[in-house]
Amino acid sequence: MLNVICPQFVNAYDETKVGWPIYDLLHSPAAIAALRKMNDDAGDGDGSDTISWKHGVALKRALNLTGQLLKSWQAFRPRPAGPAITAVATRGSTIVLAFQRRLKNLKVRRISDVRTSGRTFREVVEAMATAVAAISRLKGGPSATPMLGSKVLHFVFPEFFPVWDGAWIRNKCLAKEPCYRSFHEHYQDELEEPEAEYAAYVHLMIEGLNNSVDYDKAVAACLDGASMPSCVANWLYDDLGTFVFEICLLGRHCAGL
């Protein structure tokens, strides 16, 4: 598999083509991360905030604010945003907390904890795919895709969920990735859509992160592109792997590599 995580691909990222400034990608979930900081530590003493959500006001505010922020990302099209935002705000907490319980049971705190050869790999991928599909179906309509669920959960758990969309991620990136196509076929044997589609995407991400040799340099390039000091990034997020993977994947395909 080609090493997708490298500063070359960050530098090839073309915001005018993709339409997502790197600044927005890293800064947009910051308000939700700040709300997450309102929770006490998860209790294991490692200082991680990743799975510290609790049933209560902070989570409800986070989901409602996420819905409002995602209106500008056109995450609710073609249906009206209002009912979907309400559904995410009122019913999303159950999905968020169920996913969080699975992570705690697996003793997984961030995506960098997961190895494709590890015992928790399959369970983590399926838990992520199931959560994304459950959120996406809150929008209603005849055919759910991973788009809404991936965006909501990227804001709530940025250390795990990469953003998925049809135009760039599916059609211009994943359609050209042989590994993704084989992963998708594999997951289709066991999962419905959109679970299989997102599971294959997560599998590709974990493979890329596991095999990266220039991860730290790619992180530095992403932070430079976002004008975000590393101290701020480390305070907001426990892991930058999802951001770096997505920026590198898009940059690679912007450059036609």
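Visitor: What is Ser 212 in contact with, leaving aside its neighbours within four places in sequence?

Guide: In this predicted model, Ser 212 is in contact with Asn 3 and Ile 5 once those neighbours are set aside. Ser 212 itself belongs to the loop between helix 11 (195-210) and helix 12 (215-226).

Visitor: What makes the pairing of the side chain of Ser 212 with the backbone oxygen of Ile 5 a polar contact?

Guide: A polar atom of the Ser 212 side chain lies 3.4 Å from the backbone oxygen of Ile 5. The limit for such a pair is 3.5 Å, so the distance meets it.

Visitor: Why is Ser 212 called buried?

Guide: Its relative accessibility is 17%. Buried means under 20%, and therefore Ser 212 counts as buried.

Visitor: How do you know whether Cys 6 is in a disulfide?

Guide: The structure holds zero disulfides. For Cys 6, the nearest cysteine sulfur is that of Cys 248, 5.8 Å away. A disulfide requires the two sulfur atoms to be within 2.5 Å, so Cys 6 is in none. Cys 6 is also buried, because its relative accessibility is 9%.

Visitor: Why is Cys 173 not bonded to Cys 254?

Guide: The sulfur of Cys 254 is the closest cysteine sulfur to that of Cys 173, yet the separation is 7.3 Å, too far for a bond. The cut-off is again 2.5 Å.

Visitor: What places Cys 173 among the buried residues of helix 9?

Guide: Cys 173 has 0% relative accessibility and therefore counts as buried. In helix 9 (residues 166-173), Gly 166, Trp 168 and Ile 169 are buried as well. The buried residues of this helix pack against helix 2 (15-18), helix 11 and helix 14.

Visitor: What is found at the start of helix 9?

Guide: There, a side-chain oxygen of Asp 165 comes to within 3.4 Å of the backbone nitrogen of Ala 167. With a limit of 3.5 Å, this pair of atoms therefore satisfies the distance for a polar contact.

Visitor: How many cavities of 30 Å³ or more are counted, and what lines the largest cavity?

Guide: The count comes to one, and the largest cavity encloses about 30 Å³ of space. Its lining consists of Leu 25, His 154, Thr 242, Phe 243, Glu 246 and Ile 247.

Visitor: Which helix gives the most to that lining, and how is the lining divided by class?

Guide: Helix 14 (residues 241-254) gives the most, with four residues. By class, the lining has three nonpolar, two polar and one charged residues.

Definitions and conventions:
Residues numbered from 1 in each chain as written. Predicted model: local features only at pLDDT ≥ 70, side-chain atom pairs only at ≥ 80, totals over all residues. Heavy atoms only, no water. Helix = DSSP H or I, 4+ residues; strand = E, 2+ residues; numbered from the N terminus. Buried < 20%, exposed > 50% of the residue type's maximum accessible area, 1.4 Å probe, protein only. Polar contact = N/O pair within 3.5 Å; in protein donor to acceptor, adjacent residues only side chain to side chain. Contact = heavy atoms within 4.5 Å. 1 Å grid on protein atoms, 1.4 Å probe; cavity = no way out; pocket = protein on both sides within 12 Å on 5 of 7 lines; lining within 4 Å. Points joined across faces, edges and corners; volume = space filled by probe spheres on them. Nonpolar A, V, L, I, M, F, W, Y, C, P; charged D, E, K, R; others polar.
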